[in-house]
Amino acid sequence: MERQADRLVNLYEAAILSFFRRRPMWPNQKVMVMTLQCGICGKKPSLGHQIARRGKAKYLGGVGRKITGISRRRFEPNLQRLQVEIDGTVQRMRVCVQCIRSGRVKRPTRRKPFLMPNL
Ligand SMILES: [Zn+2]
């Protein structure tokens, strides 16, 4: 029984180690992923390729663009720290710009809106 438990622990450790061994291959890595998440839609960093190209495009009279390198990169959401009003309480939150621009975020009112006086 103990040996099985040890094996399980070793497997778990191996999984963690392999995860961390793979890590240095990703450039621009930041360990804290949770802080890079949008508080409204949950947008997170995603992985992709950075493609290096050389040459002149065909439509410009060249022989065409050539791919000279492909490396892994991370696309990070454009997050801003904002004061957000949620259920009447104001709190600070990291929100992506797409959420701000689409009006999914309610900002706290600093000043009463202007009302026409009753004459
Ligand atoms: Zn968002």
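## A tour from the hairpin to the core

Start by selecting Ile 86 and Thr 89: Ile 86 stands opposite Thr 89, which is in S4. Keep in mind as you look around that this is a predicted model.

**Stop 1: the whole chain.** Zoom out and colour the view by secondary structure. You should find 2 helices and 4 strands. Follow the chain along the sequence, and the pattern reads α-β-β-β-β-α. There are 119 residues to look at, and buried residues make up 7% of them. Now think about contacts between residues with a separation of 6 or more: 42% of these join residues 24 or more positions apart.

**Stop 2: two paired strands.** Select residues 79–86 for strand S3 and residues 89–96 for strand S4. In which sense do S3 and S4 pair? They pair in the antiparallel sense, over 8 bridges. You have already met one facing couple here, Ile 86 and Thr 89. For another, select Arg 81, and you will see Arg 94 of S4 standing opposite.

**Stop 3: the turn.** Next, go to the loop between S3 and S4, where you will find Asp 87. The hairpin has 2 residues between its strands. Check the backbone angles of Asp 87: phi is near 55°, a positive value in a residue other than glycine. Is Asp 87 buried or exposed? Asp 87 counts as exposed because 6 other C-beta atoms lie within 10 Å, and the cut-off for exposed is 12 or fewer.

**Stop 4: the nonpolar core.** Now select Cys 38, Leu 79, Val 84, Val 95, Cys 96, Cys 99 and Val 105 together. These 7 residues make up the largest nonpolar core. Which elements give two or more residues to this core? They are S3 and S4, the strands you explored at the second stop.

**Stop 5: around Val 84.** Finish by centring the view on Val 84, one of the residues of that core. Set aside its neighbours within four places in sequence, then show what Val 84 is in contact with: Gln 91, Met 93, Val 95, Val 105 and Lys 106. Among them, Val 95 and Val 105 may look familiar, as they are also members of the core from the previous stop.

Terms used. Residues numbered from 1 in each chain as written. Predicted model: local features only at pLDDT ≥ 70, side-chain atom pairs only at ≥ 80, totals over all residues. Buried ≥ 20, exposed ≤ 12 C-beta atoms within 10 Å, placed from the backbone. Contact = placed C-beta atoms within 7 Å. Pairing = 2+ DSSP bridges. Core = buried A, V, L, I, M, F, W, Y, C linked by C-beta atoms within 7 Å.
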